[in-house]
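Subject: Structure handover

Hello,

The structure we discussed is below, followed by notes on what was found in it. The notes take salt bridges, then the sheet, then the nonpolar cores.

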Amino acid sequence: MATDTVTDVFEEHRPVLTGVAYRMLGRVADAEDVVQEAWLRWSAADRSEVREPRGYLVRITTRLAIDRLRQAQSRREAYVGPWLPEPLATDFGYTVPDTAEQAVLAESVSLAVLVVLEALSPLERAVFVLREAFGFPYAEIATTLDRSEAAVRQLAGRARRHIEERKPRYDVDPTERRDLTERFLAAATGGDLESLLNLLAPDVRLVGDSGGKAKAPLRVMESADKVGRFLFAVTQQPIPEMDFRFIELNGAPALLVLSAGKPDTVFQVEVLDGRIQCVYIIRNPDKLTSLAPQ
């Protein structure tokens, strides 16, 4: 296989490999590292007997991601405050023309689902990602994980039950989420506490991720009054050269706050029945570097 062909084959499958690695690890940088390691192994491998490059590359990437996830889980036990995935810039509406496929991909990479995935074992998570997000056959997943097909089906069943039991129910209409985000921004920056409180569900939750490197709640906040007053207070504190941008992150609208042109905060909301049910705030600077304007 010529060098240019080796590279071309890998680049053809890079989006799938990156998608698998990110859903496994929840961090863009870790996913990129895993894909780079997969490339090194692919370029050095004896490819003469590789009949299905996609399956071969997914197998390498998945196994590397499992190893890294096992290492990361021990580090996350010492994480300061709540842990959220690193936000990922997406554009499923452009890259995936089929509406049903858009919905599956968007949900599989959503913050809500990725948070629930954290409670799965690495093997359960791998099976769930490969089966539910990318539709791999059980037999192929079994080969990837070096397990029997029966064992893989059991892992898939356990993972699916866990996700369904713990995944919050939210409306996924991006137009409604964008509208509520815009109204939230207008109320908060306009000093209208009453309008802000009216946008929140009575049992709204706020999850802030700073990793101890920026100001954010160190515990999950609950109730409209607590969440609303907290958001109102923080939005009244000026940020140097503040600017706002609406972008698609993890398959849904999000608000990116810039300070002097650099990412400072990501806000994303989950919506149900016309009210904000959950607010995610990501302020850990290590998780915002990939969102810097080009």
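**Salt bridges**

The count comes to 19 salt bridges, with a side-chain nitrogen of Lys or Arg required to lie within 4 Å of a carboxyl oxygen of Asp or Glu. Please keep in mind that this is a predicted model.

Three of the pairs are described here. R68 is bridged to D30, with 3.4 Å between the closest N and O atoms. R68 belongs to helix α3 (residues 53–76) and D30 to helix α2 (residues 28–44), so this pair ties together parts that are 38 residues apart in sequence. D30 is buried, at a relative accessible area of 10%, while R68 is partly exposed at 27%.

The second pair is E165 with R166, whose side chains meet at 3.1 Å, N to O. E165 counts as exposed, with 60% relative accessibility; R166 is partly exposed, with a relative accessible area of 45%.

The third pair is D179 and R183, where the closest N and O atoms are 3.3 Å apart. Both residues sit in helix α10 (residues 174–189), 4 residues apart, which is about one turn of the helix. Each is partly exposed: D179 has a relative accessibility of 33% and R183 one of 42%. As for pairs with partners in common, shared salt bridges join D30, D33 and R68 into one network.

**The sheet**

In what order do the 6 strands of the open sheet lie? The order is β2-β1-β6-β5-β4-β3, and the pairing is mixed. β2 (221–222) and β3 (242–249) stand at the edges with a single partner strand each, so one side of each has no neighbour in the sheet. Strand β1 (residues 200–209) runs antiparallel to β2, and 2 bridges join them. In one of these contacts between strands, L206 has M221 in β2 as its bridge partner.

Helices also lie against this sheet. Helix α10, which holds the D179 and R183 pair, packs on the sheet and touches β3, β4 (252–259), β5 (262–272) and β6 (275–282). The direction of α10 makes about 120 degrees with that of β5. Helix α12 (residues 224–235) lies across β1, β2, β5 and β6, and runs at about 50 degrees to β1.

**Nonpolar cores**

In soluble globular proteins, nonpolar side chains tend to be buried together. Here the largest nonpolar core has 46 residues. Which residues have the most contacts inside this core? They are F10, M24, W42, L117, V127, I141 and L145.

The elements giving two or more residues to this core are α1 (3–25), α2, α3, α6 (111–117), α7 (122–133), α8 (138–145) and α9 (149–166). The largest share, 10 residues, comes from α1. Helices α2 and α3, which contribute here, are also the two that the R68 and D30 salt bridge ties together.

L117 can be followed further. Leaving aside residues up to four places away in sequence, L117 touches R23, R125, F128 and I163.

There is also a second, separate core of 22 residues. Its members include A224, V257, V269 and I276.

Regards

Conventions
Residues numbered from 1 in each chain as written. Predicted model: local features only at pLDDT ≥ 70, side-chain atom pairs only at ≥ 80, totals over all residues. Heavy atoms only, no water. Buried < 20%, exposed > 50% of the residue type's maximum accessible area, 1.4 Å probe, protein only. Pairing = 2+ DSSP bridges. Contact = heavy atoms within 4.5 Å. Axes fitted to C-alpha atoms, helices over the stretch in contact; angles between N-to-C directions. Core = buried A, V, L, I, M, F, W, Y, C linked by side-chain atoms within 4.5 Å.
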